[in-house]
Amino acid sequence: MSTCILWFRNNLRLGDNMPVAEAYAQFDTVIPVFILSDSQHSSKWAEPGMGPHRARFLVESLEDLKQGLRNASSDLLIIPSEDPVKTLLEIANQTNSCAIYGPKEFAFNEVRQESELVSKAKQERLEVKFYTERTLYLQSDLPFGLDDLPEVFSRFRGKVEKRSRVQPPIEEPEITSFDPLDFNLEGSEIPVLSDSKDSRSAVPFKGGTTAAWKEVDYYLWESEAVLEYKLTRNGMVGRKYSSKLSAFLSLGCLSARQIYDELKRFEEEVESNESTYWLFFELLWREYFQWIALKHGKDLFTAHGLQPEKPLKQGFNARAFEKWTSGNTGDRFVDANMKELVATGFMSNRGRQNVASYLVHDMGIDWRAGAAFFEKHLIDYDPSSNYGNWLYNAGRGNDPRPFRKFNTKMQAERYDSKGEFVETWT
Ligand SMILES: Cc1cc2nc3c(=O)[nH]c(=O)nc-3n(C[C@H](O)[C@H](O)[C@H](O)COP(=O)(O)OP(=O)(O)OC[C@H]3O[C@@H](n4cnc5c(N)ncnc54)[C@H](O)[C@@H]3O)c2cc1C
């Protein structure tokens, strides 16, 4: 009897999930485990804990995965631990497992954790494997080595579009049964969190694969809003201006390949236009930041970012920062966006660019403080996308333009001309 620990991280789904497929293909018994940890912060600026909306989204996603596994006579062990590597090795030991399989992550801390697990497991003669499931392309599909990954998005896009192909999603495997009691294992209950939904939020954000597919169905098939995406994507009010799929992608309730596959089906069966292409274009931005994070490691989280030669002009002022976080800067557009973030865990892309620019370029505050605040609150928090975008907006990342400051007054006039957004969140 061979037993494998299947370590779920930010891949909380069963379909198109390489480590899941491989574990069930190769071992008689598979023990699905999720380590609930608060130690995994991307920077020293991060406050402990998650904001209520991010925590709720995670809990709902875990509940959904657990239910999916239970429907197949398996289960998900949820184990609170601030030392995931040690805990995984202990469970492997206790269950006589010969392997630990998990998803490959892209950001520095997560990659370091993988190396630590690999080296410690070697001493115990355990096989450890990490499989890519997070991106559209596998590393071997990219038309360049990681060291040669272009530093400008348009070059990356040009090359992958011409020379790489998104592979079709892989099937959900047959899940074999597993009962924690057979191994004397006891996970903890999923924490019960109160429903903190703000009635002003136009988005029915609920975590989990079931909810993720409902959102795909809504955005593509039901509303066909994707057909207008290129025109609406800079919007700020309502459910339809953008796909609202980011949080599902961040926790892996859905894979980028599954969305791509569904988009292609929609293009074949309904219509293909500039807007449907643009959704793929945005998925390429996400893709780009994943590979950039893998290439640059720790640099993504440092004050200088990817531009070490550029002088630093930022400081920190706790009172001013508090005004930004609480939506009291006096700039109504910025304030409304920050209020939406804290009240819902979400902010539009247009909003994110503006509040980031305001913090860094108008207030002169260290971009890492803003990024850490986003890390705590965003339900779609993803280290690569968050820190990559912050660096980009702070003028320290992959931006060919040397200075990217937004005029928030003009932005408000352009993107919220009737004041509907500011009205909603004031
Ligand atoms: C300062 C800042 C911080 C950000 N932090 C995050 C983060 O932590 N997690 C996150 O997923 N996105 C982040 N973004 C990117 C973007 O704002 C969100 O992905 C997007 O607003 C989510 O809404 P949507 O799913 O409706 O996007 P859509 O407009 O429908 O786009 C479709 C998908 O493409 C991807 N995408 C779109 N734009 C970007 C982008 N600029 N960078 C990376 N991926 C993108 C997302 O996965 C998104 O779900 C950040 C942007 C900024 C400016």
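Before I looked up any bridge partners, I fixed the terms: two strands pair if DSSP finds at least two bridges between them. I also noted that this is a predicted model.

**Entry: β2 and its neighbours**

I started with strand β2, residues 29-36, and asked how many of its residues are buried. I got 7 of the 8, so β2 is largely enclosed by the rest of the structure.

Next I checked who pairs with β2. On β1 (residues 3-8) I found 6 bridges to β2, in the parallel sense. Cys4 sits opposite Val30 of β2 there. I then looked at β3, residues 77-80, which runs parallel to β2 and is joined to it by 4 bridges. For Phe34, I noted Ile78 in β3 as the bridge partner.

I also traced the connection from β1 to β2. With helix α1 (residues 18-26), these two strands make a β-α-β unit, and I logged its hand as right-handed.

**Entry: positive phi**

Which residues other than glycine have a positive phi? I wrote down Arg125, near 55 degrees, and Asn184, at about 55 degrees.

I placed Arg125 in the loop between α4 (108-123) and β5 (127-131). Is Arg125 buried or exposed? I used the cut-off of 12 or fewer C-beta atoms within 10 Å for exposed. Arg125 has 7 C-beta neighbours inside 10 Å, so I put it down as exposed.

Asn184 I found in the loop between α5 (153-163) and α6 (209-222). Asn184 has 8 C-beta neighbours inside 10 Å, so it goes down as exposed.

Terms used:
Residues are numbered from 1 along each chain as its sequence is written. This is a predicted model: local features need pLDDT of at least 70, side-chain atom pairs count only at pLDDT 80 or more; totals for chains, interfaces and linings use all residues. A residue is buried if 20 or more other C-beta atoms lie within 10 Å of its own, exposed if 12 or fewer, and partly exposed in between; C-beta atoms are placed from the backbone. A crossover is right-handed if, with the strands pointing away from the viewer, the path from the first strand over the helix to the second runs clockwise.
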